[in-house]
Amino acid sequence: MPETADTAPVPQLTFGQRVQRARTRAGRTRAYVADVMGHSVEWVKAVEKGAIGMPRLPKLVRLARVLGVEDLTELTGDDRIAAATYTKAEHRQLPLIKQALNSYRLAPDDRRPEPAEVLAARLRQAWKLWHARDRRAGQRGATEGNRTRIARLLPALLDDTRYAARVLEGAERRRALVAQAEAYHLAQLFLSFQPAPDLVALTGDRAMTAAQEADSPRAIASAAWYVNHVHRDAGEAAEARVDLAEQAAALLPGTEDPEHIARRGLLHLAVALSYAKTGQAGDAWRYWDKADDAARRLGEDYAHPWLMFGRGVVDGYAITMHNDLVQPARALEVAASLDLDKIPSATRRSYHLIETARAHHMLDEGAAAVSYLHRAFRESPETIQYNLHTRSTLPELARTGPRMVREDAADLARELGVPL
């Protein structure tokens with residue numbers, strides 16, 4: 001039967017076109033949506049034009065509310081939202097870490113607490129394991145990633161640092177509290193990209209409390225860096241994040257001690273990332289310049305032994321900032337000159353490679369995006385396995401990319417256990 005005007009297929013609207021239709025129908029401006037969502041006008045425009053794909057479910061629900069949409073299918077159309085794709089995957093050792101965080105040793109204990117210097121040595125080893133590259137990375141079936149390695153050490157570290165901080169006194173107790181804060185930082189990193197937002201917030205708060213009890217400006221600065229990540233991921237007000245970072249930076253002595261310079265630079269970087277997340281480009285790059293100045297003062301080859309602040313990390317986070325400001329072409333200009341050898345951390349290298357893939361994906365360059373995701377996998381399988389951008393992008397590329405891209409994306413998704 002010949003196709004008529006009544007029987008011709010209706011063109012399928014993209015997610016971005018549906019968002020634009022809903023916004024126009026509700027009488028909302030891009031500026032209004034951007035303000036309520038905590039993003040820039042450029043972000044809203046990029047969503048509507050398809051440069052940025054469908055956000056994760058929590059942000060999708062918030063966007064629907066802003067647009068006055070009651071039925072999510074008005075925005076998603078016939079697209080199937082797989083919960084396992086758009087939510088956080090659970091590491092098999094997560095229950096063990098939950099138990100360690102929620103356990104309390106209240107009964108009297110006659111054991112001698114470990115000296116703070118011993119706890120510090122154990123933490124140095126733990127940080128090395130967290131940042132180390134998996135020697136079996138890239139081999140099918142490799143499971144010994146950074147989270148798996150650290151999960152074996154965390155329960156005992158948490159228990160021993162808490163016990164030492166409770167039993168020791170004076171300066172030794174303060175040093176134990178600093179160690180306790182670091183143990184919570186490791187727990188916070190393990191919990192990132194895990195379905196346990198309450199525990200991420202809990203570890204951030206406990207780390208800050210321990211650092212304050214230790215009366216250590218260095219420990220407070222480190223805790224502020226990690227708490228900033230919690231607030232930024234949760235979409236908390238940028239003003240609160242900026243105030244916290246600036247207060248912590250003001251506590252650091254104005255000396256040429258590399259520990260102080262690195263932590264102050266790290267806090268300036270935290271502020272830069274917060275402003276970029278909310279689309280305030282001028283303030284973002286003003287604070288990035290301060291972090292850049294700290295990196296220059298420390299020297300091209302400097303990298304903090306566990307915070308990793310240095311030349312490579314400052315440049316790497318510039319990629320993330322350009323992405324959040326919806327400037328993917330500029331992000332790739334930074335990526336082209338990024339020296340990964342200046343970042344002695346497989347987890348950080350993997351993250352910056354994922355961010356490079358995100359920039360390519362925003363420019364609809366699927367082949368390049370998959371190529372960088374493969375590189376990120378070779379650096380740190382468990383970093384990419386639990387990354388939310390990876391978990392949403394790979395299924396999309398496996399369905400809609402060119403044939404070669406679809407096959408590569410599907411292979412990597414299966415390797416990582418991402419549902420298609």
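A residue counts as buried when its relative accessible area is under 20%. In this predicted model, buried residues make up 52% of the 420 residues in the protein chain. The chain is built with 23 helices and 0 strands. Its accessible surface adds up to about 19,600 Å², and carbon and sulfur atoms hold 50% of that. As for contacts with a separation of 6 or more, 69% are between residues 24 or more positions apart.

Now for the aromatic rings. A search of the whole structure turns up 5 aromatic pairs. Take W225 and Y317: their ring centres are 6.0 Å apart and their planes meet at 75 degrees, so this pair is edge-to-face. It links distant parts of the chain, with W225 in helix α13 (residues 217-234) and Y317 in helix α17 (residues 311-324), 92 residues apart. Both W225 and Y317 are buried. Y351 joins in too, as ring pairs link W225, Y317 and Y351 into a cluster.

Y275 and Y287 make up another aromatic pair, with 6.0 Å from centre to centre, but here the planes are 40 degrees apart and the pair is tilted. Y275 belongs to helix α15 (residues 258-277) and Y287 to helix α16 (residues 281-298), so the pair ties together parts 12 residues apart in sequence. Y275 and Y287 are buried as well.

Y287 also has a charged partner: K290 lies over the face of its ring, 4.4 Å from the ring centre. A similar arrangement turns up at Y163, where the charged end of R111 sits over the ring at 4.1 Å from its centre.

Conventions
Residues numbered from 1 in each chain as written. Predicted model: local features only at pLDDT ≥ 70, side-chain atom pairs only at ≥ 80, totals over all residues. Heavy atoms only, no water. Helix = DSSP H or I, 4+ residues; strand = E, 2+ residues; numbered from the N terminus. Buried < 20%, exposed > 50% of the residue type's maximum accessible area, 1.4 Å probe, protein only. Contact = heavy atoms within 4.5 Å. Areas by Shrake-Rupley, 256 points an atom, 1.4 Å probe, with all protein chains shown as cover. Phe/Tyr/Trp six-rings, centres within 6.5 Å; stacked < 30°, edge-to-face > 60°. Lys NZ or Arg CZ within 6 Å of the ring centre and 35° of its normal.
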